[in-house]
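Biologist: Hi! Could you walk me through this one? I'm still new to reading structures.

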Amino acid sequence: MTNQLLATTENANNQNSQYTSLNDSEIASVVAHINEEHLDELLGFLSVFTSLSTAELDRVDAQITDIYAEGITIQTRQKNSKYQPTNAQDNPLHDQIFFINFATPISQLDDLQAQYILLKQRADKKLGKKTIKLTKQVFDVQNSYNVSKNMLRLELSMPSLDDTQSNDDVQLRNTKGTTISTSVPTNEAGYAYLFDLEHNAMTNALMTDSTNDSEKENVCPARPHCYYTLRKAWQADDEIRVWVDVFLHGDTSGGNWAAALQAGETVVTKREFPEKVEHLRDGQAVLIVDETSMPTAARLLELWNNPTPPLVICVTQDADDQSYFDTVKMRSGIDNIGNDNRNTDSDSDSDTDNDCDTESRKDDHFTVLPIVTNQPNSGSDLATLIDSTLGDYLTDNPLQIDKVWGALEANTAKALRPLLRERLELSRTDVVVKVYWRHD
Ligand SMILES: Cc1cc2nc3c(=O)[nH]c(=O)nc-3n(C[C@H](O)[C@H](O)[C@H](O)COP(=O)(O)OP(=O)(O)OC[C@H]3O[C@@H](n4cnc5c(N)ncnc54)[C@H](O)[C@@H]3O)c2cc1C
């Protein structure tokens, strides 16, 4: 092992004793989760908080090895095991450990999330990337209705006071009448909000004038918050209009919250973050979705700025939810960025089409490969089914797939990533399969 390339202050080998252990049995599972889902963030931390160069980082994978009160340790490894040197000294970055300091030391694992988010925000800012925001936003509920058998569309709005602002940076008035600057992205697919389910439970409890504290506690949903995607957002007159599509699958906190919302109520979001879709700008892509990620794929299709249309693998429990994509028109959202949108899935059904789009409109047809399972879409068996369905399709329709984006249940996503990397001979960065939910 050599430290020549590394500033000694960055290299944490043999220095772990100077950091304070958190003594928490949950650390191993948190470390495993970060390594499974957040590799790109770890590489971002190394890029920003150490002196490793881009060329050096291109050659390594990273994994978090431990979490201390003062920060985290990240280990670098040679990327392709087949190129792994027989002698680690041939590669100075193989098996090196770096210490990344938190802004403020933590005393328990529960505090990790806040410090990790701060690291991510700092790293993303330096790298010029969009990042997670801990902003509170308040939307008004306008309407709700089903768009397929089990998909409920929430129509929300927010006042926009200053229409000289761009759509992505709108001045808003909060409920107390104070103007706050905030943003609702109108041209980003997969932008997700963490909805505060307790806000509505508490508001409803207050409305029913329940003075008993234990009764108020009982109204709290099993989960306090839930991520849902901004299916679409657009500027209309003096407000921003928003669609959020919620998959209803029985008696659950998120579904019950969405189904109970009435026009005139408010909904509150606590956190928001952009989806990882930059890699889809070129090449032949395949999108792999279940009911929870159909809204992201629908917006991706409307904003598709890659000349080659994607293949969409759509897995639903119920055949009747496959109709979700029937009204989605590829690239229909591109014309209207910065303009009003109509209340229809096909944004550009009007005379806004123009010649400059002709090039990008050469092929506006996307193929949906449906998979109907008649059961909740989770587990590794579903990954095998998706992989073999794609394999059969590619045998009949020889295509070179260059990029993958998908979002599925945790065990399905975990099992699918290696299957796809092997089948399509793609790198980790080209196969992005996110976890959108976990099966109990
Ligand atoms: C970034 C992001 C964006 C998301 N966007 C959307 C979106 O736009 N629309 C949307 O509907 N969801 C979306 N989700 C998924 C949503 O947050 C989860 O499905 C959430 O768990 C639903 O909460 P719940 O209260 O309904 O069920 P939970 O409280 O999570 O679970 C209750 C029970 O339902 C089961 N269950 C949970 N989800 C499903 C499912 N999808 N199918 C079958 N059984 C399930 C669980 O196994 C459990 O038994 C998104 C998730 C993320 C991370």
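Biologist: So where does the ligand lie, and why there?
Modeller: Domain 2 (137-273) and domain 3 (278-335 + 347-437) both give residues to the shell around the ligand, so the ligand lies between them. Those domain bounds come from an automatic or database domain assignment. Keep in mind that this is a predicted model, where local features need pLDDT of at least 70, side-chain atom pairs count only at pLDDT 80 or more, and totals for chains, interfaces and linings use all residues. Residues are numbered from 1 along each chain as its sequence is written, and side-chain values use heavy atoms, with hydrogens and water left out.

Biologist: Okay! Which residues come nearest to the ligand?
Modeller: There are 24 residues around the ligand (a heavy atom within 4 Å), and R223, Y227, T229, T252 and G254 come nearest.

Biologist: Which element gives the most to that shell?
Modeller: That's β9, with four residues. Strands here are DSSP runs of E, at least two residues, and helices are runs of H or I, at least four, numbered from the N terminus.

Biologist: And what about polar contacts, say with D245?
Modeller: A polar contact is a pair of N or O atoms within 3.5 Å. A backbone N or O atom of D245 lies 2.8 Å from a ligand nitrogen. For D440, a backbone N or O atom is 3.0 Å from a ligand oxygen, and a polar side-chain atom of H439 is 3.3 Å from an oxygen atom of the ligand.

Technical notes
Polar contact = N/O pair within 3.5 Å; in protein donor to acceptor, adjacent residues only side chain to side chain.
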